[in-house]
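User: I am new to this structure and should be grateful for a close look at a single part of it. Please take one helix as the starting point, and then set it beside other features of the chain.

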Amino acid sequence: MSKRKIEKGSLPVGECITQVQEMLRERLCHQQLPDMPEGVEAQHKHLLELLKRTAVHGESNSVLIVGPRGAGKTMLLKCVLRDLLKEKEAQKNLLQVHLNGLLQTDDRIALKEITRQLHLENVVGDKVFGSFAENLGFLLEALKKGDRSSSRPVLFVLDEFDLFAHHKNQTLLYNLLDVSQSAQAPIAVVGVTCRLDVLELLEKRVKSRFSHRQIHLLSNPTFAQYLERVQTQLSVTDDFPDSKFAQDWNASVKTLCEDKSVEEVLQRHFNSSKDFRSMHMLLMLCLSRVSVAKPAIKPADLLEASKMCFTDAKANMLHGLSILELCLIIAMKHLNDLYEGEPFNLQMVHNEFKKFLQRKSNSMYNFEQPVIMKAFEHLQELEMIQSVDSSSAKTQREYQLMRLMLDHSQIMEALQKYPQCPTDVKQWAMSAFG
């Protein structure tokens, strides 16, 4: 065996781990496209044929891709576009315009973005158009080839399609679908949305111009498929530079997925959310714990990562409160227990706090009224308490009715983890009614 082959077959552990992390980060963070999306072969074939008819044969179409968040709508579309652009004709002719309802919040912004993505700013110049339709018509006319006989096909991808339905008069949707139906220019309109009732949002004139084609994606894997997916996502491919390390890594991943405690953690995640993005986040947290000293993912890493995923943000915020703010929260908890969840005001909370002070006669908790008021307002800013009536601005601040936005278990859990929490405050929290 040559020296080069030996070098290629065996790398230092640190180098192997760096390469594994790079490979898996690419897969988990950058949503690396699979060769063929799993479980949606029929939808892939349908959409590919549809877009091919526009890109290659100049036929106009419109379609909606509908499914819950994380079901793989964007991934399906990207896979289809990748496969479509392998066709020479499509690669040469097809123009793409990607719009997002969260970014293009009105039709004027959307039209500006269409002009930018089609590189027609110079052609439009300072021209003034009477209507949206005229402007769009001019843009599509400008795309015609030198002989003016045929226009280049354009694919319009409208992400968060339902948000475009909230634009005034739905002018953008009407004009795009009108062009696609009247064959003025070969265009395909692909809407991506997670709303199943999206057609109900469309005006009559818009709905009549839509082809009513819908591609539904339902992310509903079984737990066995979910487990298999975890193993696939964490495994490295055969072309990994160090084959021995790759074998060991894949064997450790297989062992990990067969561990009972790991199965329980993954079952909890599966029951909470079946979408792959939350799974990828969990696996990324596990991957970040791999090092030269620990060159494999252990069940303890997955358990720790799971705790971080399910961590309670509000309970975490409690750890950063001052002792006074924590005491006010405990006073509110006692009022909640005493009055069975009825709203309270600052005066009631202060009185409850005073009872605690009288019992303890501890001067370290003696605070002036303005300081207590400030702490109360801070809790409101953190949304740990919320005003019951929005029109209570005229009421004196001490008497505005509030509701506690934390439950008993969140408060008690936070108290256990609170750094150097005084014993008497803990005991007060645990006592029945203050």
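Analyst: The expected span of a helix is 1.5 Å times one less than its number of residues. The model considered here is a predicted one. Helix 15 covers residues 276–287, and its 12 residues should therefore span 16 Å at 1.5 Å a residue. The C-alpha atoms at its two ends are 16 Å apart, in agreement with that expectation.

The surroundings of helix 15 come next. Its buried residues are M279, H280, L282, L283, M284, C286 and L287. These residues pack against helix 2 (13–28), helix 12 (223–234), helix 13 (243–258), helix 14 (260–272) and helix 16 (299–309).

One of these neighbours, helix 13, also holds a salt bridge. In it, the side chains of E258 and K254 meet at 3.0 Å, N to O. The two residues are four places apart in helix 13 and are therefore separated by about one helical turn. An α-helix has 3.6 residues a turn, so residues three or four places apart point the same way. K254 is partly exposed, its relative accessible area being 42%. Elsewhere, R82, D83 and K86 are joined into one network by salt bridges that share partners.

Helix 6 (residues 107–117) offers a parallel case, in which R116 and E113 are three residues apart and again separated by about one helical turn. Their salt bridge brings the closest N and O atoms to 2.7 Å. R116 is partly exposed at 43% relative accessible area, whereas E113 is buried at 15%. A further salt bridge joins E59 to R53, with 2.9 Å between the closest N and O atoms. Both partners are partly exposed: E59 has a relative accessibility of 33%, and R53 has a relative accessible area of 28%. The structure has 16 salt bridges in total. Side chains of opposite charge can pair when their charged atoms come close.

Strand 1 (residues 61–66) shows how a strand can be enclosed. Six of its six residues are buried, so strand 1 is largely enclosed by the rest of the structure. N61, V63 and I65 point one way, while S62, L64 and V66 point the other way, and all are buried. Strand 1 runs parallel to strand 4 (residues 187–193), and six bridges join the two. Within this pairing, N61 has A188 of strand 4 as its bridge partner. Strand 1 also pairs with strand 5 (residues 214–216) in the parallel sense, over three bridges. There, the bridge partner of V66 is H216.

Aromatic rings supply another kind of contact. The whole structure contains eight aromatic pairs. F356 and W428 form a stacked pair, with 4.3 Å from centre to centre and 10 degrees between the planes. This pair links distant parts of the chain, since F356 lies in helix 19 (residues 346–360) and W428 in helix 22 (residues 423–430), 72 residues apart. Both rings belong to buried residues: F356 has a relative accessible area of 0%, and W428 has one of 2%. Ring pairs also link F223, Y226 and F270 into a cluster. A ring can also meet a charge, as where the charged end of R205 sits over the ring of Y174, 4.2 Å from its centre.

Single residues complete this account. N336 lies in helix 18 (residues 323–338) and is buried, at 19% relative accessibility. Leaving aside residues up to four places away in sequence, N336 touches G341, E342, F344 and L404.

Two loop residues have a backbone angle that deserves mention. Most residues other than glycine have a negative phi. H119, although not a glycine, has a positive phi of about 55 degrees. H119 is in the loop between helix 6 and helix 7 (121–124), and it counts as exposed at 67% relative accessibility. E160 likewise has a positive phi, near 55 degrees, in a residue other than glycine. E160 occupies the loop between strand 3 (154–159) and helix 9 (161–164), but it counts as buried at 12% relative accessibility.

How values were computed. Residues are numbered from 1 along each chain as its sequence is written. This is a predicted model: local features need pLDDT of at least 70, side-chain atom pairs count only at pLDDT 80 or more; totals for chains, interfaces and linings use all residues. Side-chain values use heavy atoms; hydrogens and water are left out. Buried means under 20% relative accessible area, exposed over 50%, partly exposed in between (1.4 Å probe, protein chains only). Contact means heavy atoms within 4.5 Å. Rings of Phe, Tyr and Trp (its six-membered ring) pair if their centres lie within 6.5 Å; planes under 30 degrees apart count as stacked, over 60 as edge-to-face and the rest as tilted. A charge sits over a ring if NZ of Lys or CZ of Arg is within 6 Å of the ring centre and within 35 degrees of the ring normal. Two strands pair if DSSP finds at least two bridges between them. A salt bridge is a side-chain nitrogen of Lys or Arg within 4 Å of a carboxyl oxygen of Asp or Glu.
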